[in-house]
Every structure is written in structure tokens, then in C-alpha cells.
Amino acid sequence: MVQIVISSKAGEGPAEWLLVELQGEMVSRQNTGLAGNLMGDLHYTKEGVPVLVVGHHILYGKQVKLEKPFAVLMKHSGLPQDEEENMETNQENPTSYTVSALIKKKLIFKTRPKPIITNVPKKV
Amino acid sequence: MVHDLLESFIVMSVFFISLIIRGDKDEHAVLCNEDETYDLKIADTSNLLLFVPGCKTPDQLPDISASPQLVHAQIWGFSNCYWELRRQRPRLKKLKKLLMENPYDGPAVGMQEEAPGPKYTMDDLLERIQASREEIEAHLQNVHACEIDGFWRILDFDYEMKLLGHVTQLVDSESWSFSKVPLSVCLEELGSLEPKSMIEHCLNCYGRRYSNEDGQVIYALDEDKVCRATAQLLLQNAVKFNLSEFQEVWQQSVPEGMSARLDQLRGLALLDRSSKPETISLLRIEDLPEDTLERFNSLFSLREKWTQDDIEPYIQDLCGEKQTTGALLTKHARSSVQNGVKVYNSRRPIAT
């Protein structure tokens, strides 16, 4: 049987992250992948309402405290980088997880994105 | 790069202190902390979940209405699925099964070494049982297992009864009260017959340990446990017994002064009040399947219709958190009224 240990990093308590939940899919404009690109701008109104601007869309959301908090885990597969080295040993290097962060609240955007029209033609 | 992140990071939905995931290749994985066991299930969402480290919410931002603030925040990763935890009863049936591979029936005779057989340490058990350490320790106590030379052993039942017999006979010959059995005298008088550690283990299983005013260790024997074990010894020798005959033999077999009562046998024996004469047979809950559906199928194939009172001891352990046996019956059985009494039968056809 396998036993996989999940532990928090020694010393400090885990950091707190924020979850942002969106309905639908996020794609990059030129299909170049999402990594390293700017997703959008997050604003908060005076009332504390989160507003997300992505491309030419605007989404309104709300802040929700999670009923069941999440933990983000990082997997340590225990396998050395060099594959050949692993073939020699009989002993399995155990997989383990550490906690990277805890998530206690989220910003959820459920409303339909509205297009931002910046150039409204004047009525003639 | 984003794909790498996805594979390495899994999001789970609960707080924890220190956790261990346990499971064999053919088992569903469970997650354990020191004293609880949870089922691990993957949950899917059609929504996109983005994790943003250090991103602040309005309540965390200083109230400076004067100048707008620009903060760069990086989305660290995203996911469409996460692991959900659901508290569940630990799977402990395997524990007894492992220990029964090699029950202990007393020290080796003469110069002989004990016959070889599989033996398990606590660490071995933690490797094989899908439960938390405390749940395993509690179950070891329930099955009267003891640690011998670092290995956890379950006693052969006849040997266990032999030890109990020595103790009750001594209580009788010394005319002690059942609630005032002194440990030191037991060890002195019985130490020549059986290992002292076994005598003490027997007292721990069948009595409550305490200290008297003089600081001596005393045991109060548990009448229900002693009578129940005696009943099992009698019942395991035949398929069925005539109930009234059994009750007579049973009362005669228990230590004089103890009362044998049928309510002591819940989860151990099943009465059949519909047969003439009324009968009783051995039916131990630990011999029944652990899975809820399989348990109900097994019970309904033994007997077509059950009253709530009869079936209750055999389904009590299946109840989830805050679930009643009534709720379980509503879910897994169909009820009807027979001779003015509410009975339950299977929802699906069962081969009897």
C-alpha cells in the first residue's frame, strides 16, 4: 500500500492566497498560451465590488468566504531528474505533498461579460 | 509551463494539520489525520479556478481614496478540478483479518520456538490499513489485541477464554467481589499457569482498572463482557440452539453472581422468535461485510424481514455523521407492517 504524507513547510504557517473563479474558459488572443501574459485588470469599487476587465470585456463579481477552505498542494514525486539513476535502485522514492497555501475566500464572477464599447458613433 | 503547474498542483477542500494518504492499488484512496479518516474524491467544475498569491481584497486595502493604487499580482496557476474530502468510517475489517492470520494461543511449549507466521508491528499496520493511527489503536483494543515482542497479536478465542476462566475461578475461590479484583494477587496466583502479561491483558479486556485508597491496582470485572464472551463460546459450537435451553446453560456457565441477559448479546447473536421452539444462533457483526450495500444484502439473505430492533445492532456502525439507523433503513430497505409490527425487507430481489 502507498502512504503519501502531506505536510506544511516547517516553521511558517502557510501563506494565504485568493481564488478567482470564472465561468467559462480563458484563452489567449493569438493562441500563444496563457503563461507570462497579462490576463486583465482587477478593480474594486468604493463598495468593495470586484470588477474584472479582460480584453474588451467587463465582469462584475462578488467576494465570498469559502465554506470549506482550500489548500494548494505541491507534489514532490521523489523521482530524481535523471531517469537512468532511478532504474538502478529497488527502493521507491516516496511521493509527498507540501502545502503551498491556504485559500479562505474567493472572488466569483458569474455575470455575463459585457463588451466595453469605447467608440460610440454619434447619432447623425 | 502552465501545464506543468496543473499536473503538480492539486487543490483540496479542508483544513488540516498533518495528513497521510493511504491506499493499495485496488483501493480508493483515503486521507487520514491523527484520528480521522476521509474519502478522497475528485470534483469537477465547469468554472475556471485561478489561484492568485497575495492578491488583496477590499477589506485588506488601505482606505486611500485620494490616489489610485496599482498592484501587480501574478496568477500562479489554475484548475478545473479539486479533491473533496468526505468524513467516513475507517476500513478496519482488514485489521482483524491480518491479525487472524496468526493468532496467539500462548507461549511456546518447552524449548520449541513459536510456530512461524505473519506478524505485524504498528508501522506494518499503518502501511496496510486505511485508517488513522488512533482509529487503529482503538480497534486493536476492541478486538482484544495485545503487543507481544513488538508485534500486535490477536488471541485465539479459546486461549482468551482459558485466561478468563483462570481469573473467574480465582475470584470465586477467593470470594472476592467482582468489582474488587486485586492485580497483584492474580499475578501471584496465576503467574505459574500463564504469562503474567497475559493475565494482566485479560483483566484489561474484561475489567475496568482503578486504584484503591492504598494505591493498589484493582479491577472491576465487566459483567456484560464476561457473559457475552461466555455466550460466544457456547454459540460457536452449533448452528442453532433452542433458546430456552441455551439461556439455562448460559446462566450456569457464567460466574456465579453474574446475570446473563439477552440484551448483552446485541451484535453477537440473533434470536428467531417466529420458529417453534424459539431459537438463537451466532451472528457476529464483524463477520458481515463492511460495505453498506453488501451488508444489507447479506442481512436480507439471512432473513427476509427484520424488525428495527433486530437489525439495528447490525447496521449501527454504518451510520454516517449525524445519520440515524432509521435514515439508513429508509434509504436501503422497504418497510411494511406484518402482524401489527413494522418490518423491513430488501429493496431488490435477494436469493435466500
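**Strand β4 of chain B and its surroundings**

Me: Which residue of β5(B) does B:Leu40 stand opposite?
Reply: B:Leu40 stands opposite B:Leu85 in β5(B). The model is predicted, so local features need pLDDT of at least 70 and side-chain atom pairs count only at pLDDT 80 or more, while totals for chains, interfaces and linings use all residues, and side-chain values use heavy atoms, with hydrogens and water left out. Residues are numbered from 1 along each chain as its sequence is written, with chains lettered from A and ligands numbered from 1 in the order in which they are written.

Me: Why are β4(B) and strand β5 of chain B called a pair?
Reply: Strands pair if DSSP finds at least two bridges between them, and β4(B) and β5(B) (residues 77-87) have ten, in the antiparallel sense, so the rule is met. A strand is itself a DSSP run (E, at least two residues), as a helix is (H or I, at least four), and both are numbered from the N terminus.

Me: What else pairs with β4(B), and over how many bridges?
Reply: Strand β3 (residues 30-32) of chain B pairs with β4(B) over three bridges, in the antiparallel sense, and B:Leu31 stands opposite B:Tyr38 there. These two strands form a hairpin with four residues between them.

Me: Which strand of chain A is joined to β4(B)?
Reply: Strand β2 (residues 15-23) of chain A is joined to β4(B) by seven bridges, running antiparallel. Along this pairing A:Trp17 stands opposite B:Pro53, and A:Gln23 opposite B:Asn47.

Me: What makes β4(B) count as mostly covered?
Reply: Of the 17 residues of β4(B) (37-53), twelve are buried. The word is applied to a residue under 20% relative accessible area, as against exposed at over 50% and partly exposed in between, with a 1.4 Å probe and protein chains only.

Me: Why is B:Asp39 called buried?
Reply: B:Asp39 lies in strand β4 of chain B and has a relative accessible area of 13%; the cut-off stated above is under 20%, and B:Asp39 is therefore buried.

Me: What makes the approach of B:Asp39 to B:Lys41 a polar contact?
Reply: The side chains of B:Asp39 and B:Lys41 come to 3.4 Å. A polar contact is a pair of N or O atoms within 3.5 Å, where, within protein, one must be able to donate a hydrogen and the other to accept it, and residues adjacent in sequence count only if both atoms are side-chain atoms. The 3.4 Å value is within that limit, so the pair qualifies. Leaving aside neighbours within four places in sequence, B:Asp39 is also in contact (heavy atoms within 4.5 Å) with residues including B:Val30, B:Glu84, B:Leu85 and B:Arg91.

Me: How many residues does each chain bring to the contact between chain B and chain A?
Reply: Chain B brings 48 residues and chain A brings 40. The two chains bury about 3,700 Å² between them, 65% of it on carbon and sulfur atoms, where buried area is the accessible area (1.4 Å probe) that two parts lose on being put together, summed over both.

Me: What makes B:Asp59 and A:Lys105 a salt bridge?
Reply: Their closest N and O atoms are 3.6 Å apart, whereas the rule asks for a side-chain nitrogen of Lys or Arg within 4 Å of a carboxyl oxygen of Asp or Glu; the pair therefore satisfies the rule. The count between chain B and chain A is one salt bridge, and the rule for polar contacts finds seven residue pairs across the interface, both residues at pLDDT 80 or more. On the side of chain B that touches chain A, the largest share, eight residues, comes from β4(B). By class, that side has 31 nonpolar, ten polar and seven charged residues, with Ala, Val, Leu, Ile, Met, Phe, Trp, Tyr, Cys and Pro counted as nonpolar, Asp, Glu, Lys and Arg as charged, and the others, Gly among them, as polar.

Me: Why do β11 and β12 of chain B stand at the edges?
Reply: An open, antiparallel sheet of three strands has the order β11-β13-β12 in chain B. In it β11 (241-242) and β12 (269-272) of chain B each have a single partner strand, so one side of each is left without a neighbour in the sheet. β12(B) pairs with β13(B) (residues 279-282) over four bridges, B:Ala269 standing opposite B:Leu282.
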